[in-house]
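Take a look at the model below. Two sites deserve your attention: a pocket and a ligand site.

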Amino acid sequence: MSMFDKLEKIKYLIGNTPVHTVEVMNITLGIKLEYFNLFGSIKDRPAFNIIYEAVKSGRIGQDTTIIESSSGNFAIALANICHYLGLKFIPVVDPNINKDYLQLLKVLCSEVVMVTDRDATGGYLLTRISMVESLCAKHPDSFWTNQYNNPHNYLCYYDSLGQELLNQLEGLTHVFIAVSTGGTLAGLSKRIKEEKPSVEIVAVDIEGSVIFNQQPKSRYISGLGSSMVPPLLSHAQYDKVLHVTHEDIIDGCRALYNDTHIFAGGSSGAVYQGIRQYFATHPASHEYVVAMCCPDRGNAYMDTLYNNEWCNKFKKTEQLCCI
Ligand SMILES: Cc1ncc(COP(=O)(O)O)c(C=O)c1O
C-alpha cells in the first residue's frame, strides 16, 4: 500500500472528537475531548495534516528522514505516524520531557536527540531549533515538519476543529484556547470569526512565556507557552489574553476534575482556571455557551501536576487538597 493510501486509511480516526457538555459557573461549558484522537492528543491533527500534505505533494518519499523539535505531544503524534508509514523520524527533545514520552520515543524512533543547554530566554526551544537545523544539513533527504512555521499546522484547525466546534455547540459565545505554536488559536479563531464574529476568543498562556510579549522566565509545565513569538500567531484573531501562573494550572487541573471528572493535562487545567478567573470578574449568564479543549489526558503529568510533592514547590500558602 502506498504511503498516501495508508494515510487515507487512518484519516477518519483523527478529528471529530466528542464534546462533553456541563453546566458550571452559571454557563454551559462544552469540553472538546481531544485525547480521543488516534495517538492521544490534539497534536495528531497538525502532525497528520503536515505529513499528509507533504506525502501528497511528493515532498516526502519513502527514504525521507523526518526531523522535528518537540518534547511533547507533537513528537508522539509524529513518531506514531512515521512508524506507521515506515519513515525514519528524529525527534529533538529537551530535559523537560516526561519519562514515559521519552521511553515511547526511544521505542518508536531509531534516534532521539536530547539538547541540554538552555537558551537565552531560560527555555530550550531555541537550542532545539538550532539542533534541528544542523540535523537537516547532515541528512540530505530530510523534511523538517516545522510546527512553528508550517501553515498546514493552523490550516488543519481551520478545516477541522473550528468547524467541529461550530457544528457541535449551538449558540457558541466564547472560546478559550491554550497557546504554544499558535496553530490551534490561529486556525480555530479564523474559522469561528468568519462564521460568527461575535464569538469572544480568549487566548490562555503561562507566566514566563513570551508569546504575548511578557518577560521570559523558566517554565516547568509542557504543552503551553513558548520562548519565542510563534509566526502562526499572525493569523490569529483573538479578543483577550489571560496569563495563568504555575499555581493556577495546578488548581485548574484539580478544579476541572472535581467539577467535571475529566482527568486532563496542564493546558486543560490552565484554560479551565482561565475560564474561572474570567467569570469571577465578568458577569456569567446561562445563555453563554463556552468552548474549551482538553488537548491531552492527565497521565503524562503524574510526576508533575498530579504529584503533590512537585506541586508544593509552587504553592505559596494552602496545601493541596486531594482530588
Ligand atoms: C497539551 C497541549 N496543549 C496545548 C497546546 C497548544 O497548541 P498550539 O501549539 O496549537 O498552540 C499543545 C501544543 O503542543 C499541547 O501539547
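The text that follows treats the ligand first and then the pocket.

This is a predicted model, where local features need pLDDT of at least 70, side-chain atom pairs count only at pLDDT 80 or more, and totals for chains, interfaces and linings use all residues. Residues are numbered from 1 along each chain as its sequence is written, and side-chain values use heavy atoms, with hydrogens and water left out.

**The ligand**

There are 14 residues around the ligand (a heavy atom within 4 Å). Lys43, Ser180, Thr181, Thr184 and Ser267 come nearest. The shell has 4 nonpolar, 8 polar and 2 charged residues. Here Ala, Val, Leu, Ile, Met, Phe, Trp, Tyr, Cys and Pro count as nonpolar, Asp, Glu, Lys and Arg as charged, and the others, Gly among them, as polar.

The table gives polar contacts of the ligand (pairs of N or O atoms within 3.5 Å).

| Ligand atom | Protein partner | Distance |
|---|---|---|
| oxygen | Ser180, polar backbone atom | 2.7 Å |
| oxygen | Gly183, polar backbone atom | 3.5 Å |
| nitrogen | Ser267, side-chain N or O atom | 2.6 Å |

Taken alone, the ligand exposes 380 Å² (Shrake-Rupley method, 1.4 Å probe), and the protein buries 95% of that.

**The second largest pocket**

A pocket is an open set of points on a 1 Å grid over the protein atoms alone, with protein on both sides within 12 Å along at least five of seven lines; lining residues have an atom within 4 Å of a point. The second largest pocket has a volume of about 260 Å³ (the space filled by probe spheres set on the points). Which helix gives the most to its lining? That is α2, with 5 residues. The lining includes Arg45, Tyr52 and Asp159. It divides into 5 nonpolar, 3 polar and 4 charged residues.

How values were computed:
On a 1 Å grid over the protein atoms alone, a cavity is a set of points where a 1.4 Å probe fits but cannot get out, and a pocket is an open set with protein on both sides within 12 Å along at least five of seven lines; lining residues have an atom within 4 Å of a point. Helices (H or I, at least four residues) and strands (E, at least two) are DSSP runs, numbered from the N terminus. A polar contact is a pair of N or O atoms within 3.5 Å; within protein, one must be able to donate a hydrogen and the other to accept it, and residues adjacent in sequence count only if both atoms are side-chain atoms.
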